[in-house]
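Subject: Structure for your review

Dear colleague,

Please find the structure below, handed over for your study. A description of what was found in it follows.

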Amino acid sequence: MYIERLQLKNFRNIESINTAVEKSWVVISGNNAQGKTNLLEALYIASTGQSFRKSLLSDFIKDNHENSIIRCQIIKQNVRHQIDVQLQKTKRSIRVDDKPLRSLTKLLSLMNIVAFFPDDLMLVKGSPEGRRKFIDRCALSFYPDSADIFKAFRRSLKERNSILRKYQRQEQKLDVQLLKAFDEQLIKYGAKVHQYRKDALDELKKYVEHYLLEFNVIKDSLEISLEPGVPIHDINSFQSSYRRALAESMQIDQIRGLTTVGPQRSDLLFNLDGKEAKSFASQGQQRSLVLALKLAELKVIEEKVGCAPLLILDDVSSELDQTRTEYLFKAIEDLGCQVWISTTGSVDLKIPKENHHFNITNGALKEL
Amino acid sequence: MKLDPIATLQLQLARLPGIGPRSAARLAFYIIKTSQAQGKNANLAEDLAQSLLDVQKEVRLCRECQNLCTEEYCSICRDPRRDQSTLCVVEAVPDMQALEKSGTFRGLYHVLHGVLAPLEGVGPEELKLEYLLDRTKNKSVEEVIIATNANVDGDATALYLASLLEPQELRITRLAMGVPLGSELEYLDSATLSRALLERKDMVNT
């Protein structure tokens, strides 16, 4: 899948961009605060419907304007599609091929992207939430049907928590049967969520270790494990372990007014050559690990969907040394995807000759 | 200050589900236009107003099954040919109408007018489940078919109801789930398909 034309209007500091793209490498250089990340963010929104940054709708719109427009023309498996995102101060509307979009999952499976933004570095050392988001996004890209399961799981959890909270605040007596009825929903969908995450992780594992060996970050082994968020009493049945864990945490849950066990508490653990990455990995190792995960994600999507997704790399090489950068670029070339890459130009990137090189200054794009 | 009747009508119509400000405006102007003209639609405004008053005045809940009706008991509950021993529990009146259209079910109904949704403040009291339990206990009900929707709240409601009904030693069943008639497996979502597989049926010697 690749982008053939990108149009932006009044998006953040970008007044107007309308550019055709025909090559696989798109390099955007510019000084800090000129709009590099904004441009890549627009691509991210065109794929997911939302930004990776926490923003109000009005933040997207250039000052003194009413709305902003992101329009992508893409070619996927020889078919041309057009994605239109219109952002207004109070609403966002998305059209695909001139028809209103029904669900965001549809968009995600049409315009697959894998993105690396500097904030993703927190994946290794940051909170478990970030790691859950990563694996859930992978699961969603690999198995589009999982969207309904994730939704049902979140709903069951909210319902259960609301019963517990009302009891904790003494607004209502505890109806044990009612709690049990929702426990069963939680167990049913939670077990599926766990399975989707496990399957997604198994898919990623096939490639992550290979990339890390090539990056020279590990000498022999990488271990990634999924901490289930549920004490496993019965290795044959996640459901029965989950049911038992819910029963055991009943009192704590009642006191705290929320559910303390389950897949909403799960986490990913990385072990590089036997050392826990969360406490031991250096900046460079973290960056390589995150990149290896993203390359693996891309590779699996290519296998599952049948075409390589778009790769977005924001300011990627600033902390990778020369050899690792070279290897990264070689790996991307092997993957054969379209890559949009931003750089301050402070390092000399060895980018393949067949590329577009744009400069962005104060929101204006110019091909060099 | 005197209110503008045109604007008020638009605002009233926009309170309806599925009607946005634009549709409300279109409906309002249509009603106004026809009430000014002569001809077959001339009385639309009056007819509509009368109908609205009528439903408000005459429609009430059936004392037996909570269906909407104009008399003390609805036409289904009054029909002596209906099987008094099976009771089908549904979330809402449209669900009941869909089941009626299928023509397969000849028993009685019970309309919950909602499902358990603690988030939205709907608990067992709001659904008047006590009344349903009284009904199954006092009448000669032998089977309760739970036909709530197959989503989180619908499934939880079904389980909850089953746990309440258990002591009464009735047959408690849930609508089967699986492949819709005339559909192609290829286009089925994986959740439905795996459910259909789990609940497969023997073809010979059943």
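A search for salt bridges across the whole structure gives 31 over all chains. Please keep in mind that this is a predicted model. As background, side chains of opposite charge can pair when their charged atoms come close. Several of these pairs are described below, followed by the contact between the chains, the overall form of chain B, and two local sites.

**Salt bridges within the chains**

In chain A, the side chains of Asp120(A) and Lys294(A) form a salt bridge, with an N to O distance of 3.4 Å. The two partners come from distant parts of the chain, 174 residues apart. Asp120(A) sits in the loop between strand 8 (113-116) and helix 4 (122-125), whereas Lys294(A) belongs to helix 11 (residues 283-305). Are these two residues buried or partly exposed? Asp120(A) is partly exposed, because its relative accessible area is 22%, and a residue counts as buried under 20%. Lys294(A), with a relative accessible area of 10%, is therefore buried.

In chain B, a salt bridge joins the side chains of Glu64(B) and Lys139(B), at 3.0 Å from N to O. Glu64(B) is in the loop between strand 1 (60-61) and strand 2, and Lys139(B) is in the loop between helix 6 (129-138) and strand 5 (143-146), so the pair ties together parts of chain B that are 75 residues apart in sequence. Glu64(B) counts as buried because its relative accessibility is 14%. Lys139(B) has a relative accessible area of 43% and is therefore partly exposed.

Another pair in chain B is Glu100(B) with Arg82(B), whose closest N and O atoms are 2.8 Å apart. Glu100(B) lies in helix 5 (residues 93-102) and Arg82(B) in the loop between helix 4 (75-78) and strand 3 (83-90), so this salt bridge ties together parts that are 18 residues apart in sequence. Here, too, one partner is buried: Arg82(B) has a relative accessible area of 4%. Glu100(B), at 26%, is partly exposed.

**Contact between chain A and chain B**

Where the two chains meet, 19 residues of chain A are in contact with 17 residues of chain B. The size of an interface is often given as the accessible area lost when the parts come together. For chain A and chain B, the buried area is about 1,600 Å², and carbon and sulfur atoms give 60% of that area.

How many salt bridges are there between chain A and chain B? The count is 3. One of the salt bridges in the structure joins the side chains of Arg155(A) and Glu120(B), at 3.4 Å from N to O. Both residues also belong to a network of salt bridges that links Arg155(A), Glu159(A), Glu120(B) and Asp153(B).

**The overall form of chain B**

Chain B contains 8 helices and 6 strands. Along the sequence, their order is α-α-α-β-β-α-β-α-β-α-β-α-β-α. The radius of gyration of chain B is 22 Å, whereas a compact globule of 206 residues would have one near 17 Å. Taken along the principal axes, the C-alpha atoms of chain B fill a box of roughly 70 × 45 × 35 Å.

Of the 206 residues in chain B, 33% are buried. The accessible surface of chain B is about 13,900 Å², and 55% of this surface belongs to carbon and sulfur atoms. Among the contacts in chain B with a separation of 6 or more, 47% are between residues 24 or more positions apart.

**Two local sites**

On chain B, Val55(B), Val59(B), Leu61(B) and Leu68(B) make a nonpolar surface patch of about 310 Å². Leu68(B) is placed in strand 2 (residues 68-69). Leu68(B) counts as partly exposed because its relative accessibility is 45%.

On chain A, Tyr167(A) is part of helix 6 (residues 146-168) and is partly exposed, with a relative accessible area of 31%. Leaving aside residues up to four places away in sequence, Tyr167(A) touches Gln172(A), Lys173(A), Leu174(A) and Gln254(A). The C-alpha atoms of Tyr167(A) and Arg256(A) are 10.0 Å apart, although the two residues are separated by 89 residues along the chain.

Yours sincerely,
A colleague

Technical notes: Residues numbered from 1 in each chain as written. Chains lettered and ligands numbered in written order. Predicted model: local features only at pLDDT ≥ 70, side-chain atom pairs only at ≥ 80, totals over all residues. Heavy atoms only, no water. Patch = residues over 30% accessible without salt bridge, like charges linked within 9 Å, V, L, I, M, F, W, Y side chains within 5 Å. Areas by Shrake-Rupley, 256 points an atom, 1.4 Å probe, with all protein chains shown as cover. Salt bridge = Lys/Arg side-chain N within 4 Å of Asp/Glu carboxyl O. Helix = DSSP H or I, 4+ residues; strand = E, 2+ residues; numbered from the N terminus. Buried < 20%, exposed > 50% of the residue type's maximum accessible area, 1.4 Å probe, protein only. Rg over C-alpha atoms; globule rule 2.2 N^0.38 Å. Contact = heavy atoms within 4.5 Å. Buried area = accessible area lost by both parts, 1.4 Å probe.
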